[in-house]
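Grab your viewer and a coffee: here are a few short exercises to work through. Try each one before reading the solution beneath it.

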Amino acid sequence: KSTSKMKEAMSRYVLLQKALLAFFILQTILGFWIALYKTVLQPSFSFDMQVHLEDVDMVLMLDASNHMANTSDRQHAAVKTYS
């Protein structure tokens, strides 16, 4: 009885291994096909669209904290330049 149970267990193990191998082979083929499609087989196209952009208002913010006090002159100069 023990040898028949061992043979059954071994046949289930072999069947499981074959199923896993088949799954991984199919996954590899699918991955290869997707990579090939995305790199070589996909037709190239140009997306062209006429867009009118509105003017953008910019907000200049100053850092009023004390730890940035040594750069306050540079900040004020930037505000004067860009506003």
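**Exercise 1.** How many salt bridges does the structure hold?

*Solution.* Keep in mind that this is a predicted model. Step one is the count: there is one salt bridge. Step two is naming the partners, which are Glu-8 and Arg-12, with their closest N and O atoms 3.5 Å apart. Step three is the cut-off: a salt bridge needs a side-chain nitrogen of Lys or Arg within 4 Å of a carboxyl oxygen of Asp or Glu, so the 3.5 Å pair qualifies.

**Exercise 2.** Place Glu-8 and Arg-12 in the fold: which helix holds them, and how many residues apart are they?

*Solution.* Both sit in helix α1, which covers residues 2–41. They are four residues apart, or about one turn of the helix.

**Exercise 3.** Sort Glu-8 and Arg-12 by exposure class.

*Solution.* You need the cut-offs here: buried is under 20% relative accessible area, exposed is over 50%, and partly exposed is in between. Glu-8 comes in at 47%, so call it partly exposed. Arg-12 has 52%, so that one goes down as exposed.

**Exercise 4.** Which residues make the nonpolar surface patch of about 610 Å², and what can you say about Leu-41 in it?

*Solution.* Start with the members: Leu-30, Trp-33, Ile-34, Tyr-37, Val-40 and Leu-41. Now zoom in on Leu-41, which belongs to helix α1. Its relative accessibility is 44%, so Leu-41 is partly exposed. Finally, skip the neighbours within four places in sequence, and Leu-41 is in contact with Trp-33 and Leu-36.

**Exercise 5.** Zoom out and describe the chain as a whole: helices and strands, burial and exposed area.

*Solution.* First, the chain has two helices and zero strands. Next, of its 83 residues, 2% are buried. Last, the chain exposes about 8700 Å², with carbon and sulfur atoms supplying 64% of that area.

Key. Residues are numbered from 1 along each chain as its sequence is written. This is a predicted model: local features need pLDDT of at least 70, side-chain atom pairs count only at pLDDT 80 or more; totals for chains, interfaces and linings use all residues. Side-chain values use heavy atoms; hydrogens and water are left out. Buried means under 20% relative accessible area, exposed over 50%, partly exposed in between (1.4 Å probe, protein chains only). Patches are made of residues with over 30% relative accessible area and no salt bridge: like charges are joined within 9 Å, nonpolar side chains (Val, Leu, Ile, Met, Phe, Trp, Tyr) within 5 Å. Accessible areas come from the Shrake-Rupley method with a 1.4 Å probe; for residues, only the protein chains shown count as cover. Contact means heavy atoms within 4.5 Å.
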